[in-house]
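Hi everyone, thanks for making time this morning. Let me put the structure up, and then we can walk through a few spots together.

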Amino acid sequence: MRIVKTKEKSAKEQFLLRLGAFVLALCAGGLFLLLLGNNPFAVYATILSGAFRSKMAVQATIKIMIPLLIAALGVTLSFKMKFWNIGGEGQLIMGGVFASYFALFHSDLPAFLLFPLMFLAGLLGGGIWALIPAFFKVRFGTNETLFTLMLNYIALYIVAWLQEGPWRDPAANGFPKIASFEKSAVLPKVFGVQVGWIIALVLVVLVFVYLRYTKQGYEISVVGESRPTATYAGMNVQRIILRTMFLSGAIAGIAGMVQATGSDRTLTVGIAGGVGFTAIIVAWLARLNPMSSLVIAFLFAVLEKGSSVIQSEFGLSTDCADVLQGIILFFVLGCEFFVRYKFVRDHKQAAEGGAK
């Protein structure tokens, strides 16, 4: 057996392939649930109903979706350029750190000034954090995958240091935590959900227009296809990489600002909670299309919220719920391989093997 590249499949064929992968995922997940002694149909029905069974459940689902969608939009820009930014987690964290400074120490500012400052701080925090690996890439040719990945842990330990030291809440009786933000520094709610969902929808449109209809978006595509071609066409590849990575990190930083000042209402080491890594899967499944990312992020949020419900209703542990999510993701992501490749039998080698 060997792997060969197939001709480009039509949109209908790709849809049927992904639909088949999803059905197989449900079957494999159902087998796992049967082995645990549960009715798969009841569990799957609970996942769906758990995300929509009440107004509060819907709000919780949207709350999960907000940072995931924004972070996915961020990595979409860098991935479109084939700059493998695995640092969305760290960029999100640093956006939250920068925004938290104003929420903690300048909450007495009027709202019309405080909220824009927190927004800009989050944007700058994520953007600057993404510029570090971009600079080393264009200047020294470092591996951006490893560099951005390592920066995630540095960002995480910066938060741990802050809550253990400079920003520790004096009223916490020695417990290492950062104080909750004043009400004046918390993002307002619209329809019962923090205003971050509006920011996310605006960013979807902005990123879509930026990639599809602007000169800079076209430059990102050209650099992603072939850097030598971009250089030959007179494009400043280094400047494009730096600019795009700043924007990529800035959007992830906005996700951190929204999470810290809208949902968590404080800064903790769990501010990202794996969102930066899951955002990569969302962007990849959406084929780096911002509009599709909106749908995929919502489906992920439904799965996440529904999984928390089945833990309580069926007595499943958090590990079992994670395994179920992993099975579904394994099949859905695995089918992407078969969109472009297939396994074929090498008859010549098989004949030679038989002759021996």
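Leucine 288 counts as buried, at 14% relative accessibility. Keep in mind that this is a predicted model. You can find leucine 288 in the loop between α11 (275–285) and α12 (290–313). Its phi is near 60 degrees, a positive value in a residue other than glycine. For background, most residues other than glycine have a negative phi.

Where else does this turn up? Lysine 82, also not a glycine, has a positive phi of about 60 degrees. Lysine 82 sits in the loop between α3 (55–80) and α4 (88–105). Here the side of the story about accessibility changes: lysine 82 is partly exposed, with a relative accessible area of 40%.

Now, cysteines. How many disulfides does a search of the whole structure find? Zero. As a reminder, a disulfide is a covalent bond between the sulfur atoms of two cysteines. Why is there no bond for cysteine 27? Because the closest cysteine sulfur, in cysteine 335, is 15 Å away from its own sulfur, which is too far; our cut-off for a disulfide is 2.5 Å. As for accessibility, cysteine 27 is exposed, with a relative accessible area of 51%, while cysteine 335 counts as buried at 5%.

Last stop, the surface. Met1, Ile3, Phe338, Tyr341 and Phe343 make a nonpolar patch of about 530 Å². One of them, phenylalanine 343, lies in strand β4, residues 341–344. Phenylalanine 343 is partly exposed, with a relative accessible area of 45%.

That's my tour, and I'm happy to take questions.

Conventions
Residues numbered from 1 in each chain as written. Predicted model: local features only at pLDDT ≥ 70, side-chain atom pairs only at ≥ 80, totals over all residues. Heavy atoms only, no water. Patch = residues over 30% accessible without salt bridge, like charges linked within 9 Å, V, L, I, M, F, W, Y side chains within 5 Å. Areas by Shrake-Rupley, 256 points an atom, 1.4 Å probe, with all protein chains shown as cover. Salt bridge = Lys/Arg side-chain N within 4 Å of Asp/Glu carboxyl O. Helix = DSSP H or I, 4+ residues; strand = E, 2+ residues; numbered from the N terminus. Buried < 20%, exposed > 50% of the residue type's maximum accessible area, 1.4 Å probe, protein only.
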